[in-house]
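Biologist: I am new to this structure and would like a close look at a single part. Please take me through the place where the ligand sits.

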Amino acid sequence: MAKLTIDSTYRMPSGYDIPVLGYGVYQTPADVASDVVAHALKTGYRHVDSAVGYRNEAASADGMRKSGIPRSELFFTTKVPPRQLGYESAKQHIANSLKETGFDYIDLYLLHAPYGGKEARLGAWKALVEGVETGKIRSIGVSNYGVHHMEELESWIKSTEEKEGKGKGGVLSVNQVELHPWLARKDIVDWCKKRGVILEAYSPLVRATKSDDPLLVPLAKKYNKTTSQILLRWSLQMGFVPLPKSVTKSRIEENADLYDFELTAEDMKSLDTGVYEPCAWDPTTSTD
Ligand SMILES: NC(=O)c1ccc[n+]([C@@H]2O[C@H](COP(=O)([O-])OP(=O)(O)OC[C@H]3O[C@@H](n4cnc5c(N)ncnc54)[C@H](OP(=O)(O)O)[C@@H]3O)[C@@H](O)[C@H]2O)c1
């Protein structure tokens, strides 16, 4: 693996690049989002992870403009809300996101969660594919999809291509799921890695519940880093795109200060807990 820097990107299956370090804005109130997003971008982040459901698309976009960094150097993600999939609904959300943000295009549009049934999932996906065809969106993906959801999508893409031609079913670029040492999701990770689908790691700090953890504290001491930085470095070295969230300026900076150390293979292994301990919801297991 090439040495990672704060400017590192991965090439997605869509052909577009995604900045490896993301900045999450879940639970970031709209009245502070503009300011903290601008601060994150000044710190060196180039990638903002929002969602319709976070109610801060407009404020995040405002922070991106306020940063003074050209739009072409920034990356913005948003998501069709959970339980609002379906073709018409997704189409409406895409139009609304463009209006809210004032952007000409969205870099990455995701389906937030697989809830709603097969028809709703595939209908919403079709709306994303059309969004790409009309230039409103650059890359598309899913969030909280388990292997069975991704297989359903893959087989729809295949059969659509057979009927309508190559690329007509769209290109799955990303699956955004909760990922950290207490939830390493080997099945989902292997499925995605085999196909070059980028794994975005949400709740990479385990929502700040592990700062005194006996697995992390000795590593933090060894590398003279914080336990948060150990978690984010683990995520980077797993090949993920971590999306740490913070509204605290010093933590925004701390969470980007990750490029002057590297966990050894042995230390990475020590974080292979093998347990299943989500700190958020887990729609990947849903079967409706
Ligand atoms: N697709 C999905 O379903 C989904 C679900 C959850 C999250 N996400 C995405 O992933 C992003 C991150 O996930 P998350 O917000 O659940 O959890 P997280 O990033 O693991 O943790 C955020 C929490 O950690 C605190 N924190 C941040 N940096 C810290 C540091 N250096 N030291 C100590 N505490 C620190 C934050 O506090 P302060 O903010 O007060 O500093 C906040 O309480 C979200 O913002 C969102 O973009 C997506």
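How many residues surround the ligand, and which are the closest?

Modeller: Keep in mind that this is a predicted model. In it, 27 residues surround the ligand. The closest are Asp49, Arg207, Lys245, Ser246 and Thr248. By class, the shell around the ligand holds 12 nonpolar, 10 polar and five charged residues.

Now look at the oxygen atoms of the ligand. One oxygen atom is 2.6 Å from an N or O atom in the side chain of Ser246. At Val247, the backbone takes part: a polar backbone atom there is 2.9 Å from an oxygen atom of the ligand. The side chain of Trp281 also has an N or O atom at 3.1 Å from a ligand oxygen. On its own, the ligand has 900 Å² of accessible area, and the protein covers 88% of that. The space the ligand takes is the largest pocket.

Next, the sheet. Eight strands form an open sheet, and their pairing is parallel. The order runs S3-S4-S5-S6-S7-S8-S9-S10. Strand S3 (23-24) and strand S10 (241-242) stand at the edges. Each has a single partner strand, so one side of each is left without a neighbour in the sheet. In general, strands of a sheet pair through backbone hydrogen bonds. For one pair in detail, take S6 (residues 106-111) and S7 (residues 137-143): they pair in the parallel sense over five bridges. Tyr109 has Ile140 in S7 as its bridge partner.

Notes
Residues numbered from 1 in each chain as written. Predicted model: local features only at pLDDT ≥ 70, side-chain atom pairs only at ≥ 80, totals over all residues. Heavy atoms only, no water. Near = heavy atom within 4 Å. Polar contact = N/O pair within 3.5 Å; in protein donor to acceptor, adjacent residues only side chain to side chain. Areas by Shrake-Rupley, 256 points an atom, 1.4 Å probe, with all protein chains shown as cover. 1 Å grid on protein atoms, 1.4 Å probe; cavity = no way out; pocket = protein on both sides within 12 Å on 5 of 7 lines; lining within 4 Å. Sits in = over half its atoms within 2 Å of the grid points. Nonpolar A, V, L, I, M, F, W, Y, C, P; charged D, E, K, R; others polar. Pairing = 2+ DSSP bridges. Helix = DSSP H or I, 4+ residues; strand = E, 2+ residues; numbered from the N terminus.
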